[in-house]
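Biologist: I would like each label on this model justified. Shall we take them one at a time?

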Amino acid sequence: MTQQKQLKHLVRERMKESGQRYAAARRAVLHANKSTSSPHRPGCVAGATALRVLLAHCGRELSEAMTFGLAGGIGIGTFTFCYEKENFASFFVASRHCWHDHTLYLTRACERFGLTSVIKECISPKVAEKQLREMLASHGPCVAWVDMNALPHRGLPSEPGGNVYHLLTVYSASETTAVIGDLSDEPIEMALSDLTNARGRIKKDKYRLLAVAKATKPAELATMTAAALKACHAGLNGGDGPKNFRRNFSLDGLALWADRLTSKKDPERWERIFTPGCRLWNGLLFLHMFTEYYSSSGGLSRPIMADFLLTAGDALKKSALKALGKHYANLGDQWTALADAALPDTVAPLAEAKAQLAKYAEHVNSGGSVEDKSACWSRIKELERQVSIKFPLTDAECAHLRFQLAERVHAIHAAEVAAHRQLVEVL
């Protein structure tokens, strides 16, 4: 049985036994899954999975949860985007530490793990391919920055591009093809020209690569855990965010978001930005997608943080870490409940969109065809067209939905602040 079929079977069994959704069941299976001789590691969070591959290459095998936690754990970020001329609005919520700067995230994590990283970048596609082969020959697997929308195997809708920043791992490259890791159960072979195109479509970090040049003995687990939690604590306070947007990069941004869901005066209130139709559709869809799937292991990555804290607590015999882990496990449940509430099962097109997102995630991770993946997004786009013509909720029902979401976000903010205080106590 291939790893792909084996993992898919285990995830399905987990779903039956536990009643968990696909994302949660897969995270649990991967956390318990043993390492293999292959350089490839499946995963849920792109940055942590890429780091795990680099660590395995250096002979250090860690679970994705341990890698995620020791790299800084969770983060937060909330942004609303509105383009009046195009009648387009979208919402973004981030889940990983240092989510806005992959280079800073990876280089800091490498230092903590005792790895010396080397970074290459250029402006020419021809030079980019040459650098890739040289990096692979000299250092082994490397991390590449790409535009996710430009990856053919993802089956995403055709967009202008350059906006969906993503990390993947490259294992090998010939003159015409490359073998990559992109969270899926098995590695993926793709045309080298397609990979180069995806690497070149992003405006920032164009053609960037990172590999490990040297590995030294890492610090003790206790030291690494303390450093990681300190970085996590600072990040949740907005420590790594630009000064002009510090609140958006901190837990305070959750309180602001909750207020805007029901505000009647704020210029960025949801009532004004996310009007019924395609705008509100995007706000609700993206809230669900970023919380459960995009660069998240489900529950805005709070459950994978819990896995890290519980494992580290056992290893270090620290009950405070395990208590904090239980807190974040509960927070993960609250975030998932919020994501579910954004696409209510009682509203047919919203419920179907939620099902299509889940189906797409399973196709991406478990080897679904490009046609299967594209079909999910085609259906989501058709549902968007339908709700743009006639939204399935009245204005009063939309207001009630925003009120319900606001109540959940306020409760989550309070729980996040409480967990943040516990972080200080652990430190």
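Modeller: Start with the cut-off for burial. Buried means under 20% relative accessible area. By that rule, Tyr-22, Ala-23, Ala-25, Arg-26, Arg-27, Ala-28, Val-29 and Leu-30 are buried in α2. Keep in mind that this is a predicted model.

Biologist: What makes helix α2 mostly covered?

Modeller: The count does. Helix α2 spans residues 22-32, and eight of its 11 residues are buried.

Biologist: Why is strand β2 called largely enclosed?

Modeller: Strand β2 covers residues 88-96. Eight of its nine residues are buried, so the rest of the structure largely encloses it.

Biologist: How do you know that β1 and β2 pair?

Modeller: Pairing needs at least two bridges. Strand β1 (residues 74-83) and β2 have eight, in the antiparallel sense. They therefore pass the criterion for a pair. One bridge links Phe-79 to Phe-92 in β2. The two strands form a hairpin with four residues between them. In the turn, Asn-87 has a positive phi of about 55 degrees.

Biologist: Which strands make up the open sheet, and in what order?

Modeller: Six strands, in the order β3-β8-β4-β5-β6-β7, with antiparallel pairing.

Biologist: What makes β3 and β7 edge strands?

Modeller: Each pairs on one side only. Strand β3 is 115-120, and β7 is 188-191. From one strand to the next, the twist averages 40 degrees.

Biologist: How do you know that β4 and β5 are partners?

Modeller: Same cut-off of at least two bridges. Strand β4 (residues 142-147) and strand β5 (residues 165-173) share six bridges, antiparallel. So they count as paired. Val-146, for instance, has His-166 in β5 as its bridge partner.

Biologist: Where does helix α3 lie?

Modeller: Helix α3 (residues 46-57) lies across β3, β4, β5 and β8 (209-215). The helix runs at about 25 degrees to β5.

Biologist: Why does His-413 count as buried?

Modeller: Its relative accessibility is 17%. The limit is under 20%, so His-413 qualifies. This residue sits in helix α16, residues 395-426.

Biologist: What is His-413 in contact with, beyond its neighbours within four places in sequence?

Modeller: Leu-251, Asp-252, Leu-254 and Ala-255. The His-413 side chain also reaches the backbone oxygen of Leu-251, at 3.5 Å.

Biologist: Which residues have the most contacts inside the largest nonpolar core?

Modeller: Val-170, Leu-195, Trp-257, Leu-284, Met-305, Tyr-328 and Trp-335. That core has 125 residues. Its largest share, 10 residues, comes from α16. Take Met-305 as a case. Leaving aside neighbours within four places in sequence, Met-305 is in contact with Phe-68, Gly-73, Ile-74, Leu-229, Cys-232 and Tyr-328.

Biologist: How many disulfides are found in the whole structure?

Modeller: Zero. A disulfide requires cysteine sulfur atoms within 2.5 Å.

Biologist: Why is Cys-44 not bonded to Cys-232?

Modeller: Cys-232 holds the closest cysteine sulfur, 18 Å from the sulfur of Cys-44. Against a limit of 2.5 Å, that is too far for a bond. Cys-44 is also buried, because its relative accessible area is 9%.

Biologist: What rules out a bond for Cys-98?

Modeller: Distance again. The closest cysteine sulfur is in Cys-232, 12 Å from the sulfur of Cys-98, and therefore too far. At 4% relative accessibility, Cys-98 also counts as buried.

Notes:
Residues are numbered from 1 along each chain as its sequence is written. This is a predicted model: local features need pLDDT of at least 70, side-chain atom pairs count only at pLDDT 80 or more; totals for chains, interfaces and linings use all residues. Side-chain values use heavy atoms; hydrogens and water are left out. Axes are lines fitted to C-alpha atoms, for helices over the stretch in contact, and angles run from 0 to 180 degrees between N-to-C directions. Contact means heavy atoms within 4.5 Å. Buried means under 20% relative accessible area, exposed over 50%, partly exposed in between (1.4 Å probe, protein chains only). A polar contact is a pair of N or O atoms within 3.5 Å; within protein, one must be able to donate a hydrogen and the other to accept it, and residues adjacent in sequence count only if both atoms are side-chain atoms. A nonpolar core is a set of buried Ala, Val, Leu, Ile, Met, Phe, Trp, Tyr and Cys residues joined through side-chain atoms within 4.5 Å.
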